[in-house]
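Reader: I am new to this structure and would like a close look at a single part of it. Please take me through that part slowly, with the terms explained as they come up.

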Amino acid sequence: MAFSVLALLLSALASPVAAGTVVRTPAGASYEFFLRAGQAGAKWNGNGSVTFTNVGSVPLNEVYLRVWSNGVRGCGVRSIVVSNLGGGSLTDERLRCTELEVTLDAPLAVGASVAITFDLSISIPSIDDRFGVHRGLALAGTALPTLSINDDAGWHRAPFENLGESFYSLVSDYEVTFVTPRALDTAASGIVTDRTAVNGERWRTTFTASQVRDFAWAAGRLRRIVERARGTDVVVWYQPGAVTPARARDLAADAARTVRTLGEAFGDYPYPEVDVVLAGRASFGGMEYPTIVFSEPSRITMAHELAHQWFYGIVGNDQYAEPWLDESFATWAMRLPFDPRKACRGIRWPSAGAALTNDMGYWSMHPGEYGLVYFGGACLLANLSQRFGHERFLRIVGRYVQRHAMGIARTEDFMRAIETAAAQHLPGFDAAAYWRHWRVDPA
């Protein structure tokens, strides 16, 4: 079942906002960055800008930049420093220095656009982390300042969570130029659109990523293997000595199989390339970013992170408020290329307060129960697959993906998709009792 996500997006942009539609502002963002790397890829210095539009109903006096990876080390040693703003002034920082308040030079009228510019310094700490340098591999996850969202609940003000994710962002366009030592290979979101030698000692490389929720990269001495899956280049990067070439080839084949299977199930991957960076034996397991994932050299971990390309990447969600909407779906979908008909009858609840739809605030206070977000929700989806039949359920989820492609989904959206399908295919399905049994509550 193939569909054009770009066509869907253009159609949505051309249509008036329907009554009851959640308006999220600022929107239509375009980011540009220029960063020069140190020899090891741990230090990056340069500048950036973001242009955006106020699609809300009132003028914007301020916006907020999230510098998420400052949460790794906190305010004592800021990993990401934004300075010398143009178009606004930095008036406050909060949430362990992961939120920067920018007061605009003038209120931004409804329908108007503006750009803010800034200098940027990034220091990646020496830790084995999705934002860290370990054994010669620098991983730069959530390292670039990203606009916060104002929606029907106001400004999104979630704290950084190292246990899981807090990210919530709209699709945007990125153009990122790196100047790096020749010995430093770089894998990043998007595709390379320009590459030029600088004084015979460095590369100037520009990556362009269109309609993505974030931008991430990795740097080190890397080799790569390219596979092809339904029109997408699947590029697997690995460090010689950390992963053998034979293991990397096997994982590249598995990655292509995953992209192919999920594309057949939910709609073709809408980007020309997806990169997989194998991070030795990463203590964090793996992490997803738009068109690039970091993963330990494990087939199932890699498949999980690639499944996130659909569930978080294509179908966005508020990962702090509703983490199950991407983690449960990615855990269920990661099995589809290898064990697609895994059954599940029910969950053993760890406590009276545990529920699939709890937010990250709850899970951070109950970390021993956090696995429920992954495997409990995957159990629910496997149970629904049994009830509807595997092929039919894939079509139901595929329609859900198509409906919310490049947008934001909430729990009630998925509930509605199931209830609509059940009205046609599962006579007697008691939706209220079913959601209550599985502890699914959109409130």
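Which helix gives the most to the lining of the second largest pocket, and with how many residues?

Author: This is a predicted model, in which local features need pLDDT of at least 70 and side-chain atom pairs count only at pLDDT 80 or more, while totals for chains, interfaces and linings use all residues. Residues are numbered from 1 along each chain as its sequence is written, and side-chain values use heavy atoms, with hydrogens and water left out.

The helix you ask about is α3, which gives the most to the lining of the second largest pocket, with four residues. A pocket here is an open set of points, on a 1 Å grid over the protein atoms alone, where a 1.4 Å probe fits and protein lies on both sides within 12 Å along at least five of seven lines, and its lining residues have an atom within 4 Å of a point. Helices (H or I, at least four residues) and strands (E, at least two) are DSSP runs, numbered from the N terminus. At least two lining residues come from each of β21 (286–289), α3 (299–307), α4 (324–333) and α6 (371–388).

The space in this pocket is about 420 Å³, a volume being the space filled by probe spheres set on the points, which are joined across faces, edges and corners. Its lining has 22 residues, and nearest the centre lie Leu163, Phe284, Gly286, Glu305 and Tyr374. By kind, the lining residues are eight nonpolar, eight polar and six charged, where Ala, Val, Leu, Ile, Met, Phe, Trp, Tyr, Cys and Pro count as nonpolar, Asp, Glu, Lys and Arg as charged, and the others, Gly among them, as polar.

Of the elements that supply the lining, α4 deserves a further word. Because 10 of the 10 residues of α4 are buried, this helix is largely enclosed by the rest of the structure; buried means under 20% relative accessible area, exposed over 50%, and partly exposed in between (1.4 Å probe, protein chains only). Among these buried residues are Trp324, Phe329 and Trp332. They pack, with contact meaning heavy atoms within 4.5 Å, against elements that include β21, α3 and α6, as well as α2 (245–266).

Helix α6 also takes part in a disulfide, a pair of cysteine sulfur atoms within 2.5 Å. Cysteine 344 and cysteine 379 form this link, with their sulfur atoms 1.8 Å apart. Cysteine 344 lies in the loop between α4 and α5 (360–365) and cysteine 379 in α6, so the pair ties together parts that are 35 residues apart in sequence. Both cysteine 344 and cysteine 379 are buried.
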